Amino acid sequence: MRHTLRRSCATCAKSKLGCDLATPRCSRCARRGIPCIYANQPLTAKPSHQPTKGSPGALTSYNPSSLDPFDSYPRTRLSRDHVQRLIHSFINKIAFEYYPLDLNAASNPFLISWWPLALGDPALFHVTLQTACLDEELIAQKGFATSHLLMADSVALLRRKVEDTALAVQDGTMNSVITLATIEFGKGNTELAEMHVEGVKKLVDLRGGINAVRQTSPLTARMVSWVSLIITGSPQFQTQDNVGIGDGIPPVPEWQLGLTLYDDLSEILDCFEIDSAVLNVFIRLRNILQRAQQSPLPSTHLHDLTCFVVHRLLHTATDPEDSPTSPTTECLRYAIALFLFTAQGPTYYSHAVIFSMLASRFTNHLKRLSSTPRAYGSLAIWLHGVGMVAAAGTNSYEWLIEKTWETTQLLHVADGEEAMARLKTILWVDTPHAEALFRSHWDGVFERAGSCRKSNVPAATTTMVSSFPAPALAPTGSVLGLQSE
């Protein structure tokens, strides 16, 4: 059976409605104020990068002879004009969709690092053309004959490379294998995608670990670790320890400064039963993001932080079916991961599948937490805010809306503006889309409540956050920003 790639966003597909493929959200999702997730992003979305005319990456009129008049690239079975057209598409569109962290053509790593490698590596060149070809074929909707041809040649060329140990550990080989994994995953061939992930992990081991790969090719290391995570749904590489020792994914430099603001962790552990490993991540991350309010994190820096934190949190996660840890611990674990996914946005490839899985786990633990009679204050506002964003479009969204409204009433939150202000006291980072996304959900809560009042619908009873007083060891303004309203 031939696999096809769905073009519309998840919400439009579920509703069986046409999708205009706009990014970061289609017009229908934008009007409704809900997240817009493309199952095959970035291969299917319209280019969000629109360089200014005349810039190095500008989408100027296509002229085949202007790209490479000497045909110095590796040979393929495609016509010269077709190859030139795919090269143009990759350089001016695909590179920026894969790496929206850097929309500058003079510094985008797919242009200054990946592309030079591809020109000297036939396997990587074929894989690179394949990414542009899939995008072209998806738009045309006339089948995938050319990309299938490129796939066959890519696999044949890669097999020759991996038979030679020296060639197998090259950056170009790893880039090729992990890209093939994303292509197969997008087609729904999960087993084949995971097989490619296992293959690239072996190559990483031969290189001495993911940190060793990062020393020579940060792009390769970032892409391999992140794409492996979103394809398999779980971390495939360890992290270094808090001081940067080990061969795993390294922390950002600021990580070692993360505990300087707080020195009394025992009170928090006793009061809120938060696992020490999760609490350590939360405090370090919170301090880094607070500093970032004065000196914003570069997008690549935020990606490195997100990659490290998500791997660290998910590595220590227990069986979701029978978790021995407290619901507060698990809610905090998954909420942090979901918040970072949301703040960063898709990179290299859509994270829709793993995001949905984490959102489901988080909602289940939040339901456990809802039966706990304790005042969580602003932490409850933050957890519900993350929950609404994560669960949008799922069956749990209505439950979250109800519980969120109950929480705002108990904590005397007047409107979405106040909710956002309190949410930001817990954990927040300013990104282009985070503010609008979170605010749209909070505004929706209060708009819905206003409609209910006009219709004389009785308010829901409070169950998520009780009036049970906060523990004595957690005064107002404590490390978690909790209050005992």
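How do α4 and α5 lie relative to each other? With their axes crossing at roughly 120°, α4 and α5 are oblique to each other, because an angle counts as roughly perpendicular only from 65 to 115 degrees and as roughly antiparallel only over 145. Keep in mind that this is a predicted model. Below is a quick tour of that helix pair, a second pair (α12 and α15), the cavity lined partly by α12 and α15, and a loop residue, L297, between α14 and α15.

**The α4/α5 pair**
- Helix α4 covers residues 80-98 and helix α5 covers residues 109-119, and their axes come within 9 Å.
- The crossing of these two, α4 and α5, is right-handed.
- On the α4 side, the contact is made by I87, F90, I91, A95, F96 and Y98, which meet F110, L111, W114 and W115 of α5.
- Sort that α4/α5 contact by class and you get ten nonpolar residues, with no polar and no charged ones.

**The α12/α15 pair**
- Helix α12 (residues 218-232) packs against helix α15 (residues 299-315) at about 45°, and the axes are 11 Å apart.
- That angle makes α12 and α15 oblique to each other too.
- Here the crossing, α12 with α15, is left-handed.
- From α12, the contact uses R222, S225, W226 and L229; from α15, it uses T300, H303, D304, T306, C307, V310, H311 and L314.
- The contact of α12 with α15 is a mix: five nonpolar, five polar and two charged residues.

**The cavity**
- How many cavities of 30 Å³ or more does the structure hold? The count is one.
- The largest cavity holds about 100 Å³ of space.
- Its lining is made up of I210, N211, R214, A221, R222, S225, I249, P250, H303, D304 and C307.
- Elements giving two or more residues to that lining are α11 (210-216), α12 and α15.
- There's a link back to the helix pair: R222 and S225 of α12, plus H303, D304 and C307 of α15, belong to the α12/α15 contact and also line the largest cavity.
- By class, the lining of the largest cavity comes out at five nonpolar, three polar and three charged residues.

**L297, in the loop before α15**
- L297 sits in the loop between α14 (276-292) and α15.
- Setting aside neighbours within four places in sequence, L297 touches I288, L289, A292, L302 and L305.
- L297 and V429 are 132 residues apart along the chain, yet their C-alpha atoms are separated by 8.8 Å.

Methods:
Residues are numbered from 1 along each chain as its sequence is written. This is a predicted model: local features need pLDDT of at least 70, side-chain atom pairs count only at pLDDT 80 or more; totals for chains, interfaces and linings use all residues. Side-chain values use heavy atoms; hydrogens and water are left out. Axes are lines fitted to C-alpha atoms, for helices over the stretch in contact, and angles run from 0 to 180 degrees between N-to-C directions. Helices (H or I, at least four residues) and strands (E, at least two) are DSSP runs, numbered from the N terminus. Angles under 35 degrees count as roughly parallel, over 145 as roughly antiparallel, 65 to 115 as roughly perpendicular and the rest as oblique. A crossing is left-handed if the near helix is turned anticlockwise from the far one by less than a right angle, and right-handed if clockwise. Contact means heavy atoms within 4.5 Å. Ala, Val, Leu, Ile, Met, Phe, Trp, Tyr, Cys and Pro count as nonpolar, Asp, Glu, Lys and Arg as charged, and the others, Gly among them, as polar. On a 1 Å grid over the protein atoms alone, a cavity is a set of points where a 1.4 Å probe fits but cannot get out, and a pocket is an open set with protein on both sides within 12 Å along at least five of seven lines; lining residues have an atom within 4 Å of a point. Grid points are joined across faces, edges and corners, and a volume is the space filled by probe spheres set on the points.
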